[in-house]
Amino acid sequence: MIAQRFQRELVTSELRLMLIQIFIVLLWLNPDRFFQTLNTVATTDPSTHAIISNFFNQWMTDCQSFAGVHDRRVCALGLCTLLRIDASYYPAITNIVPKILPNCIHIYQGLMKTYQHNEEDDSDDDDDDDDDDDSVASGENFEKKKSNVMFVCVFRN
């Protein structure tokens, strides 16, 4: 159903990004089941090969459009999942392999900028509240978030 909606003309880029995120979460949660389902659908309806290839190509193109912590995290987890998959397992991945790592770097840099921006906003709020002595130093909190992102991307099974 999602693939069929993805195939129709999308009025807004926000809808396209949401549909891509649904695919990414499905891929991240169970890559084997995701590709098994894609293979089953492609076998029963050969026209879906174009939809699947279009999805992966659109995802790589739209990596520049993901904004916000949640969207970037979802994209990063999906990209890290693709890094672990043998490209020969599904032909649509073979075409996007050279784009995966540069997009990972772009998403990771965007996450770091977002975290830094959020920390600056939090520190501005902390400056207004002199009563808050238990606050964590912004640099320490930023480093903790940065290491959490790397840990999840690298060590997710």
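A nonpolar patch on the surface is formed by Leu83, Leu101 and Ile105. Together the three residues present about 280 Å² of accessible area. The model is predicted. Within the patch, Leu83 belongs to helix H5, which spans residues 69-84. Leu83 is partly exposed, at a relative accessible area of 46%. That value falls between the cut-offs of 20% for buried and 50% for exposed.

A single salt bridge is present in the structure. Its partners are the side chains of Asp62 and Arg16, with an N to O distance of 2.6 Å. Asp62 lies in helix H4 (residues 48-62) and Arg16 in helix H2 (residues 13-29), so the bridge ties together parts that are 46 residues apart in sequence. Asp62 is buried, and its relative accessible area is 3%. Leu83 in the patch, by contrast, is partly exposed.

Helix H4 also packs against helix H3 (residues 31-44). Two packed helices are described by the angle between their axes and the distance between the axes. For H3 and H4, the angle is about 145 degrees and the axes are 8 Å apart. On the H3 side, the contact is made by Phe34, Phe35, Leu38, Val41 and Ala42. H4 contributes Thr48, His49, Ile52, Phe55 and Phe56. By residue class, the contact of H3 with H4 comprises eight nonpolar and two polar residues. No charged residue takes part in this contact. Thr48 and His49 count as polar because neither belongs to the nonpolar or the charged set.

Methods: Residues numbered from 1 in each chain as written. Predicted model: local features only at pLDDT ≥ 70, side-chain atom pairs only at ≥ 80, totals over all residues. Heavy atoms only, no water. Salt bridge = Lys/Arg side-chain N within 4 Å of Asp/Glu carboxyl O. Helix = DSSP H or I, 4+ residues; strand = E, 2+ residues; numbered from the N terminus. Buried < 20%, exposed > 50% of the residue type's maximum accessible area, 1.4 Å probe, protein only. Patch = residues over 30% accessible without salt bridge, like charges linked within 9 Å, V, L, I, M, F, W, Y side chains within 5 Å. Areas by Shrake-Rupley, 256 points an atom, 1.4 Å probe, with all protein chains shown as cover. Axes fitted to C-alpha atoms, helices over the stretch in contact; angles between N-to-C directions. Contact = heavy atoms within 4.5 Å.
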